[in-house]
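Work through the exercises below with the sequence and the model open side by side. Each task is followed by a solution that proceeds step by step.

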Amino acid sequence: MTSARVVITGLGAVSPLGLTVDEMWAGLTAGRCGIARIQAFDPTGLPCELGGEVPPYRIQDHVPKAMRKAVKLMCRDIELSVLAAREAVASSGLITKGIDPEKVNVDPTRFAINMGAGMISCDLEELGPATAVSVTDGQFDLHKWGQDGIRQITPLWLLKYLPNMLACHIGIIHDIQGPSNTITCAEASSHLAIGEAAQIIARGNADVALAGGAEAKINLMVMVRQNLLCRAVAGRNDAPDTACRPFDAQAAGAVFGEAAGVLTLESLHHARSRDAGILAEIVGIGQSHSVHPAYARMEPDGAGIRIAVEKAMADAGIGPEDLDLIVPHGTAVPQDDLAESRGLEAALGSAARRIPTWPTKGQLSTTGAAAGALDVVAVVRAMNERLIPPAKNFTRPVEGCNLNILTERRQGAIRHALCCSHTFGGQTAAVVLKSFEGGARQ
Amino acid sequence: MKTSETRERVVVTGMGVVCPLGHDVGAMWEGILSGRSGANRTTIFDASTFPTTFDAEVKGYDFRKHIRHPELHEGCSRGSAFVLGATAQACKQAGIEAETAQPTDGIDRTRMGIYLGAGEGSLDNESFFGCIIAGWDAEQQRMVWPRSTRVAMDRMTAVRELEQEPNMAAGHTAMLTGARGPVRSCLTACAASTQAVGEACMIIRRGDADIMIAGGAHSMIHPLGITGFNLLTALSRRNDSPETASRPFSGSRDGFVIGEGAAILILESLASARKRGVSIFAEIAGYGCSSDAFRITDMHEEGRGAVLAMHAALADAGLTTDDIDYVNTHGTSTAENDSIETLAIKTVFKDRAHRIPVSSIKSMLGHLIGAAGAAEIIASVLAIREGVVPPTMNLHDPDPKLDLDYVPNAPRKMPINTVMKESFGFGGQNNVVILKRFREET
């Protein structure tokens, strides 16, 4: 049994830098920063009042007419994923039911979806009326909640917040009847989802897959959680542009944001048979785990990252000298960045000091389950534009980090690129991409 | 990615469970054989005014009694606590040393992975609702966020917040076992742990791991979980008779009974199991996955996705419906599921549908949500080994429209070589696994 080769034929991204891949790429190359004071709610009182928010959009404009009723069941994570999925499908040239039901050119039963999703925090305001009738002497009263509170909430409330609903809404819009999965491994989710989708195609269970992730972290509960875990940057509220500094000596924590990134993956055979433009090939997948009793942090030696990278490189059958770009996870939590750089150095040896390394979160913020997918989108664009922008907010490395973090833009061919991610909780993942021989069809 | 020619056979070499019928596999099986119900009045929180006042809880369980180093897991959620016990049992049975930095079992930790279908932990309810109460402006019908923020930052704690994340169960499992191979956690609603077992098999088949610790962990028995399911009218409201409320396929079924727990299988390549000389309990022969792509709220009327997944699993196993001796159903006791699942079985099995036993152990365990499928897979392994079909209890008034052999009210002795296990989830997630008695020859 020979595995199919898996290529990328479409990209979609909704990020703090814009509603499309083009806008994200333009922002990345222009050195724009998507981080600002949170607008969605008044963040006063949080140590970190900053966030990476997606610019305004109207969800109705991005959902086929026949399915607009469903938008009532979409929380923001779902909306973002629906937007990015639509772009990923449209840019691939595939025609699904959601693009044009008359001209469908993909077999729904051979179409898979694999999304990374976060733990979706519910909208507190939506629970306000129900909570207000469930109070006795200023305290929450579960008796009253069971009796009266529940009745104040819309019957389908739960369905808005189940993580698998991202994939389900997208699946309904685009008629995806093949394998469907939702990976909930926090900030490593979308690399894991992309890896699994590629393997589903490779083993012949689908010809085409949408894969990526989405998460909307601009929610008070999420922000409180990250502040309590001391992962969010404190004391930089006056300087949002320079607050998030991955691998930099002045780094003091992450900024959290919202985004969705989706790839259209296809077997090479399927892509060729419809003469699709091929943007890159997925050639290596590696996954492992950090084992560390402080679950909110990486183990100091980055072993989980090291093993994931070693596996991905072996899967790709390449050596460190073949890599022209690394996009690390780099959240700007200092000890995590240091651990990641140690893991990369352990996996790649002295080459790690030379390979151009481009962390993106100084501009995109940490977007949870979307983060890894945004990075893959950025890498694919970099490959096709033959351009790596410089890392934002990086001047000199945190002590102990020997990576070659780019301070200037670099032009030239990128044959292979490595993306990696890790998360609180411990999961690690790495993906190796290869520029497609002959380059992309213009 | 590697283009492997091999296809490893995947066998089960260990099992562990913590469920409403007991804290190990023996207790669960004894409960099933005696038709015992795990349902009773809700004790985890005061649900006395909720529309549903009962559930199927794991009672009297303390994870600290199942492991040697509970201090590494203090503060973990119920789901994580359950998975620690289940994993410890399963590892012991399979000869995998847990809780040691220097294992002597000869297993390469980078070749041992984890795949869980796992859900979120309970909110810190008092702080959460306290935070809404503090911020809610009843006159303006909106939140005054800084007031909420103050309460949240004051009352919430980092560990409690972190442990709610759905990937934490996998994190604790890795801490317990030292697993450094591929680790993923998925959450496809009620189908999650069947998906986890299925995808874990694929990882072994592809040669990316020798051993996968696979299964599920979940507890949605918390105020917002029960609120959500009650609002969907998915839960039985037979408050005067919890023990008979879960009655899959009966004419008077009125919803599922929510349970909780964890179930873990040690999956292993046949080569690894042979090399280690461990007992083999069954073989996982096939896996199929699909999505309905129909509606967020309902299953496809004809069970289109369920049928597709069943066909996919049979094809993957290289078997036909004639080879299946028993179907372990999703069988939730909701009007919709049991009707459509029956229809799907008839569509796939045609004439044979009436001649094979199909049953639901949710009539005894309740519905373990994310952990349900894995617990049911363990019951299916035992059915093969013990030659007993588990009963569907509480089936005294059959639904006249549902006419399969549901094995009502008493277990049935018969030789079983092959079992089809189905799981379906909200949003149209369908996962099917086929288990076989292990034989040296395929």
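**Exercise 1. Find the strands that pair with β4(B), and state in which sense and over how many bridges.**

Solution. Begin with strand β8 (residues 211-219) of chain B, which pairs with β4(B) in the parallel sense over seven bridges; two strands count as paired if DSSP finds at least two bridges between them. Within β8(B), Ala217(B) is the bridge partner of Ala118(B). Next take strand β7 (residues 183-186) of chain B, where the pairing with β4(B) is again parallel and runs over four bridges, and where Arg184(B) is the bridge partner of Tyr115(B). Strands here are DSSP runs of E of at least two residues, and helices are runs of H or I of at least four, numbered from the N terminus. The model is predicted, so that local features need pLDDT of at least 70 and side-chain atom pairs count only at pLDDT 80 or more, while totals for chains, interfaces and linings use all residues. Residues are numbered from 1 along each chain as its sequence is written, and chains are lettered from A and ligands numbered from 1 in the order in which they are written.

**Exercise 2. Decide whether the faces of β4(B) are covered or open.**

Solution. First apply the burial criterion: a residue is buried if 20 or more other C-beta atoms, placed from the backbone, lie within 10 Å of its own. Seven of the seven residues of β4(B) (residues 112-118) meet it, so the strand is largely enclosed by the rest of the structure. Then separate the two sides, recalling that in a regular strand the side chains alternate between the two faces of the sheet. Met112(B), Ile114(B), Leu116(B) and Ala118(B) lie on one side, Gly113(B), Tyr115(B) and Gly117(B) on the other, and both faces are covered.

**Exercise 3. Examine α10(A): does its length agree or disagree with the expected span, and is it enclosed or open?**

Solution. The expected span is 1.5 Å times one less than the number of residues, which for the 14 residues of α10(A) gives 20 Å, in agreement with end C-alpha atoms 20 Å apart. Twelve of the 14 residues are buried, so α10(A) is largely enclosed by the rest of the structure. Its buried residues, among them Ile305(A) and Met313(A), pack against β10, α11 (334-348), β16 (416-422) and β17 (427-434) of chain A. After the helix comes Gly317(A), with a positive phi near 70 degrees.

**Exercise 4. How many residues of each chain are in contact across the two chains?**

Solution. Counting residues whose C-beta atoms lie within 7 Å, 84 residues of chain A are in contact with 83 of chain B. On the side of chain A, β10(A) gives the most, with seven residues.
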